Amino acid sequence: MKQIIAFTGLPGTGKSTLAEALATETGVPAFAGDWLLGALRPHGVLRGLERPVFLDMYYDLLGTLIKRQLMLGQSAIVDCLVNEEIAARWDELAAEYDGRLRLVECVCSDEEEHRRRVEGRCRGIPGWHEVGWDHVERMRSEYPRLARERLTVDAMDSLTGNLLRVGAYIRRT
């Protein structure tokens, strides 16, 4: 079954790590919003954009990549923050191609460890910046926890354990 497997959660909760591990394990392509933005930034495309326009562009770029995969009869893994509106949009997109949206919400139950991870990481995304704890706090207020069905994994658990849980979740009918 074709699936959109969307990893969502605040920065520093392990969504990129899990998305990349799942992509490596399954061969399903993983698309990360920050990598797309990093490719656009040097060309000045993002300069001066108002936040609503920026977000529309961000999600439309990801949506186009997802749609192309579904059109090819394949699944897609997505690494970005997802709200109810985006989840509903991607749920409809998956259904249009006889697929299914699977949401994996990544959290970090230890706030001190979460902050340490954010402040100490270097993702090395060409053209893109690192984010600080202030960004995490802003995202926490802008992206409330999802109310719809999802799997929640905790970054305090092992990567292997979380990957096993994700695998079981996406194989579920």
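**Exercise 1.** Find which residues have the most contacts inside the largest nonpolar core.

*Solution.* Start with the term: a nonpolar core is a set of buried Ala, Val, Leu, Ile, Met, Phe, Trp, Tyr and Cys residues joined through side-chain atoms within 4.5 Å. Buried means under 20% relative accessible area, exposed over 50%, and partly exposed in between (1.4 Å probe, protein chains only). The largest such core has 33 residues, and Ile4, Tyr59, Ile66, Cys80, Val82 and Trp90 have the most contacts inside it. Next, look at the elements: helix 3 (51-71) is one of those that each supply at least two residues, and its six residues are the largest share. Helices (H or I, at least four residues) and strands (E, at least two) are DSSP runs, numbered from the N terminus.

A word on the model: it is predicted, so local features need pLDDT of at least 70 and side-chain atom pairs count only at pLDDT 80 or more, while totals for chains, interfaces and linings use all residues. Residues are numbered from 1 along each chain as its sequence is written, and side-chain values use heavy atoms, with hydrogens and water left out.

**Exercise 2.** Explain why Cys80 has no disulfide partner in Cys106.

*Solution.* A disulfide is a pair of cysteine sulfur atoms within 2.5 Å. The closest cysteine sulfur to that of Cys80 is in Cys106, 11 Å away, so it is too far for a bond. Cys106 is in no disulfide either, and the structure holds zero. Finally, check accessibility: Cys80 is buried at 2%, and Cys106 is buried at 1%.
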